[in-house]
Structure formats: C-alpha cells, structure tokens
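Visitor: I've never looked at this one before, could you walk me through it?
Guide: Gladly, let us begin with the picture.

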Amino acid sequence: MSESPLIEHTRSAFSDKFGTAPALVVQAPGRVNLIGEHTDYNDGLVLPCAIDYRTVIAARERDDRVMRIVAADYANATDEFSLDAPIERRDDPMWANYVRAVIDVLVKRGLPMRGLDMVISGDVPQGAGLSSSASLSVAVCRVFATLPGFESLSPIDMALIAQQAENDFVGTKCGNMDQIISASGVEGHALLIDCRSLETQLVPIPSGAAIMIFHSHVERGLVDSEYNTRRRQCEEAARHFGVKALRDVDAAMLEARGGELDPLTLRRARHVVTENARVEAAGQALAAGDLARMGELMEASHVSMRDDFEITVPLIDQLVDIVKGVVKQSGGVRMTGGGFGGCVVALVPEEQVADVSAAVEQTYRGPEGQLATIYVCRAAAGAGVVAA
Ligand code: GAF
C-alpha cells in the first residue's frame with residue numbers, strides 16, 4: 001500500500017471505530033541496513049536507511065487515563081488498559097506488548113501521561129527482518145511526542161525509549177540501530193550511526209542507484225537464541241581484550257592478541273572488527289557515489305557474516321549469488337538484518353533493476369518453492385506527524 005492509501009485507511013478505521021476523526025496521525029518507517037551487521041550492540045558503526053514502508057497510528061486524546069488500542073490489520077483486535085495500574089506483559093498478541101512496552105517506559109520516566117484512543121496499521125513486511133517491531137515502537141513514541149509535556153523528546157530520545165521498551169518489557173536484547181534509523185531517517189539518505197556516541201552523519205544515496213530488497217521467505221527461526229549467543233561471544237571477546245566493547249579493538253590488536261582466543265570467538269570478533277572498518281569505508285564510498293567500491297564492501301560483509309559470524313543460511317547465500325551474477329562490479333548485495341533468513345539488500349544501477357528481478361524470479365525458490373518477494377525502495381524520512 002502506498003503512503004496515502006495507508007494513511008487514509010488508518011484514519012477511516014479510526015473514525016469507524018471511535019465515531020470521530022483522529023486528532024493526529026503519525027508514521028514511523030521500517031529500515032534496511034546497507035552495511036554494519038551485529039555492530040550496534042558492540043558500540044560500533046552501522047549504515048541503514050529508513051524505507052517507504054511504515055507503521056501508521058491515528059490517535060486522539062481521551063479525558064481519562066485509559067489506553068484503547070486497535071490493530072486495524074488484525075480485524076480490529078483491541079487492547080485496553082489503565083495508566084493507573086501496573087502495565088503487565090500479555091502472552092499474546094505480540095503487537096499489544098510492543099505498545100504496552102513503550103507506554104510502560106514513558107510512565108516509569110515520569111512523563112505526563114494521559115489516555116489515548118489509537119488505531120494502528122502498517123505495511124512493513126512482518127518477520128522479514130525489516131524492523132516492523134521497531135517501527136511500531138517508535139510510532140507509539142511519536143504519538144506521545146506530539147502531546148504537551150513531551151516537547152523535550154528528541155528523535156534519539158524516542159529511539160532509546162523504544163529500544164529500552166524492547167529490551168526490558170518485550171525481552172528482545174536488540175541494539176539501537178533499528179530504532180535510531182526509524183526515528184531519525186532522512187529522505188534520500190542513509191545514516192551513518194555511531195552506536196556509542198549516537199552521532200549520526202547523513203550519506204546521500206547516489207542518484208541513479210536503486211535500493212532493492214529480496215525477501216527469501218526463509219523464516220528467521222533461530223534468530224533470537226543465536227542473536228543472544230552472538231552477543232555473549234562478542235562480550236567474551238571484549239573481556240579478553242580488556243575493553244568495554246569490540247568497538248575498541250582494531251585490526252592491529254586483533255592480529256596481536258586474537259590468537260589467544262579460541263577459534264570460534266576469534267571469528268566472531270574478527271567479523272565485528274572488520275565490519276566496523278567496512279562501514280566507515282562504505283560511508284565514504286556511498287558519499288562519493290562509488291557503487292563499485294560499495295559493492296566490494298557489501299560482498300566482503302556478506303562473506304564475513306557467512307564464514308566468521310555464521311549467521312547466513314544456504315538459501316540466503318544463493319540469493320546473494322544470483323543477484324551478484326547480474327550486478328557484477330556495478331553495485332553490491334548482501335544479507336541484511338539479524339540473520340538466519342529474512343532479506344537480502346542490493347544497491348544497483350536503476351537500469352539493472354529489471355534484469356536483477358528477472359534473474360531472481362527465474363532462479364530463486366524459497367523453502368516451500370515460493371518466489372522471493374522483491375521490494376524496490378526509496379530511502380524515506382524517519383518518524384513524523386503526517387496529518388492534523
Ligand atoms: C536486529 C537487531 F534488532 C539490531 O539491533 C541489530 O543488532 C541487527 O539485528 C543486526 O545488525 O535487527
């Protein structure tokens with residue numbers, strides 16, 4: 001669904017449900033990470049962009065302290081709770097927990113909360129690794145950020161609240177990349193994020209370059225347990241080097257003292273150390289419009305995820321090879337996101353989009369024999385108010 005129909009749909013679902021128009025409508029996008037995987041929780045560097053798929057929330061203040069939240073995409077399933085009682089985690093549905101999680105953090109931070117009616121809808125593919133959950137959490141924050149008493153909330157504050165909500169309430173030990181890009185993305189740009197200092201630098205997507213995303217339909221079944229295992233291994237490696245996080249280890253340190261680590265932990269550390277260097281180089285390559293160099297870095301990133309971090313799966317590797325076979329040196333392709341399935345991202349000259357799509361359609365079949373779903377995206381703006 002393109003922007004306007006999705007917004008229109010959300011607004012009219014609100015009117016149908018509550019018998020009055022919403023007072024505001026906000027959106028927060030999903031994201032695709034161009035390079036810099038599993039570096040965010042190592043205090044490292046990432047280079048994502050927001051995409052033109054988003055969560056939209058229509059809302060109106062109530063005159064009591066009740067939250068009434070309707071999921072338009074789930075047959076208007078409704079969650080209702082009071083701001084005056086402890087906010088409990090539900091067994092299901094998960095969408096309700098993401099909303100509750102953000103509100104719980106806002107309450108605990110002592111912000112001047114008030115009851116709201118909200119209707120939520122969205123078109124970020126779910127379970128694909130394109131951050132539908134971060135876009136929902138950031139969108140909830142963005143609703144509150146429009147209310148009196150919340151003026152001080154910056155996009156970074158919203159991102160950190162959304163991350164804390166996922167970490168503490170939902171129980172996902174994610175880093176801060178997905179929330180920062182959803183809150184702070186800028187149209188036409190990727191964002192080079194220093195996940196330690198939280199400094200960001202805009203990097204324009206070169207004109208004539210298309211961002212393509214291919215959903216492999218490999219379910220990211222192992223992602224939670226393996227994600228936590230990777231985090232532990234990275235922390236163990238950082239302890240070995242006597243540093244706060246692997247961000248503090250450079251190639252020379254790795255060379256000098258990496259051999260003392262067991263081979264598996266060394267491979268994990270090597271991915272993070274080399275990936276940080278690749279992100280820095282990628283920021284420069286993209287800013288210079290050098291898609292060939294960007295392509296080399298994306299390829300090296302994929303190899304590192306496959307061989308050192310061991311988070312790719314055979315069908316994802318195959319998908320990358322199919323795209324690479326068409327794009328060759330004129331662009332780049334790699335797995336994107338947490339791993340173990342999900343999506344592949346490619347940056348390709350616009351004139352190659354049709355050939356790349358045709359090759360993937362002809363050659364790739366998912367686990368159930370299905371075609372990959374192909375998205376040609378625009379780098380979109382971060383969370384914001386879209387209508388009064
Ligand atoms: C997931 C996490 F949520 C992010 O924080 C990040 O670690 C990513 O996996 C891997 O780069 O999207």
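Guide: A word on naming before we start: helices, of at least four residues, and strands, of at least two, are DSSP runs that are numbered from the N terminus. Please keep in mind as well that this is a predicted model.

Visitor: Okay, how many helices and strands does the protein have?
Guide: The secondary structure of the protein comes to 11 helices and 12 strands, and its C-alpha atoms fill a box of roughly 60 × 50 × 40 Å along the principal axes.

Visitor: And how does the radius of gyration fit a compact globule?
Guide: The value for the protein is 21 Å, which agrees with a compact globule, because a globule of 388 residues would have a radius of gyration near 21 Å. Of these 388 residues, 51% count as buried.

Visitor: Let's pick one helix. What can you say about α2?
Guide: Helix α2 covers residues 94-108, which makes 15 residues, and from its first C-alpha to its last it reaches 21 Å, close to the 21 Å expected at 1.5 Å a residue.

Visitor: How many of the residues of α2 are buried?
Guide: In α2, 12 of the 15 residues are buried, so the helix is largely enclosed by the rest of the structure. Among them are W95, Y98, R100 and D104.

Visitor: What do they pack against?
Guide: The buried residues of α2 pack against two strands, β3 (66-71) and β4 (77-82), and against two helices, α3 (132-145) and α4 (155-170).

Visitor: What comes on either side of that helix?
Guide: In the loop between β4 and α2 you find P93, and the peptide bond from D92 to P93 is cis, with omega near -5 degrees. After α2 comes G110, whose phi is positive, near 75 degrees.

Visitor: Which residue that is not a glycine has a positive phi?
Guide: One of them is N76, with a phi of about 60 degrees, and it is found in the loop between β3 and β4. N76 counts as exposed because it has 12 C-beta neighbours inside 10 Å.

Visitor: Switching topic, which residues are around the ligand?
Guide: They are E37, H38, D40, Y41, C174, G175, M177, D178, G337 and G338, and this shell divides into 3 nonpolar, 4 polar and 3 charged residues.

Visitor: Last one: what does UniProt list for residues 97-185?
Guide: The unreviewed UniProt entry lists them as "domain: GHMP kinase N-terminal". In the model this span is 56% helix and 8% strand, and its end C-alpha atoms lie 25 Å apart.

Terms used:
Residues numbered from 1 in each chain as written. Predicted model: local features only at pLDDT ≥ 70, side-chain atom pairs only at ≥ 80, totals over all residues. Rg over C-alpha atoms; globule rule 2.2 N^0.38 Å. Buried ≥ 20, exposed ≤ 12 C-beta atoms within 10 Å, placed from the backbone. Expected span 1.5 Å × (residues − 1). Contact = placed C-beta atoms within 7 Å. Near = placed C-beta within 6 Å. Nonpolar A, V, L, I, M, F, W, Y, C, P; charged D, E, K, R; others polar. UniProt positions renumbered as here; feature names shortened; annotations may be inferred.
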